[in-house]
Amino acid sequence: MNNLQLKGNWNVFKGKLKQSYADLTDDDLTYEEGKEDELWGRLQKKTGKTKEQIGKWLNDDDDAPQVRR
């Protein structure tokens with residue numbers, strides 16, 4: 001997933017991430033132009049997934065992880 005796709009669909013992705021990873025905060029999911037690498041780092045740290053795994057999951061509803069609480 002490239003940064004343009006991430007930016008264009010961020011609100012949808014953010015909702016999907018919050019549903020599946022309850023420990024993600026609004027601060028964790030804050031998208032700032034030019035700071036995409038920091039966002040990916042926060043997501044990787046909280047989910048335990050690679051950037052590629054997160055991107056694939058966000059683009060593919062059939063590959064959704066189990067909800068963690």
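Two residues are said to be in contact when heavy atoms of the one lie within 4.5 Å of heavy atoms of the other. In the predicted model described here, L43 touches W10, L17, L24, L29, G48 and I54, where residues up to four places away in sequence are not counted. L43 is also one of the residues with the most contacts inside the largest nonpolar core, a group that further includes W10, L17, L24, L29 and L58. This core has 13 residues, and the elements that give two or more residues to it are α2, α3 and α4.

The protein contains four helices and zero strands, so that, read from the N terminus on, its elements run α-α-α-α. Of its 69 residues, 29% count as buried. The surface that the protein exposes amounts to about 4,700 Å², of which carbon and sulfur atoms supply 44%. Among the contacts with a separation of 6 or more, 49% are accounted for by residues 24 or more positions apart.

Two packed helices are described by the angle between their axes and by the distance between the axes. For helix α2, which spans residues 10-20, and helix α4, which spans residues 51-59, the packing angle is about 105° and the axes are 10 Å apart. Because angles of 65 to 115 degrees count as roughly perpendicular, α2 is roughly perpendicular to α4. On the side of α2, the residues that take part are F13, K16, L17 and S20, and they meet W57, L58 and N59 in α4. Sorted by class, the contact of α2 with α4 has four nonpolar, two polar and one charged residues.

Helix α3, which covers residues 36-47, packs against α4 at an angle of about 90°, with the two axes 9 Å apart. The helices α3 and α4 are therefore roughly perpendicular to each other. From α3 the contact draws on D37, W40, L43, Q44 and T47, while α4 supplies K51, I54 and G55. The residues of the contact of α3 with α4 divide into three nonpolar, three polar and two charged. L43 thus appears both in the contact of α3 with α4 and among the residues with the most contacts inside the largest nonpolar core.

N59, which is found in helix α4, is a residue of the contact with α2. Because its relative accessibility is 48%, N59 counts as partly exposed. Although N59 and F13 are 46 residues apart along the chain, their C-alpha atoms are separated by 8.8 Å.

Notes:
Residues numbered from 1 in each chain as written. Predicted model: local features only at pLDDT ≥ 70, side-chain atom pairs only at ≥ 80, totals over all residues. Heavy atoms only, no water. Axes fitted to C-alpha atoms, helices over the stretch in contact; angles between N-to-C directions. Parallel < 35°, antiparallel > 145°, perpendicular 65-115°, else oblique. Nonpolar A, V, L, I, M, F, W, Y, C, P; charged D, E, K, R; others polar. Core = buried A, V, L, I, M, F, W, Y, C linked by side-chain atoms within 4.5 Å. Buried < 20%, exposed > 50% of the residue type's maximum accessible area, 1.4 Å probe, protein only. Areas by Shrake-Rupley, 256 points an atom, 1.4 Å probe, with all protein chains shown as cover.
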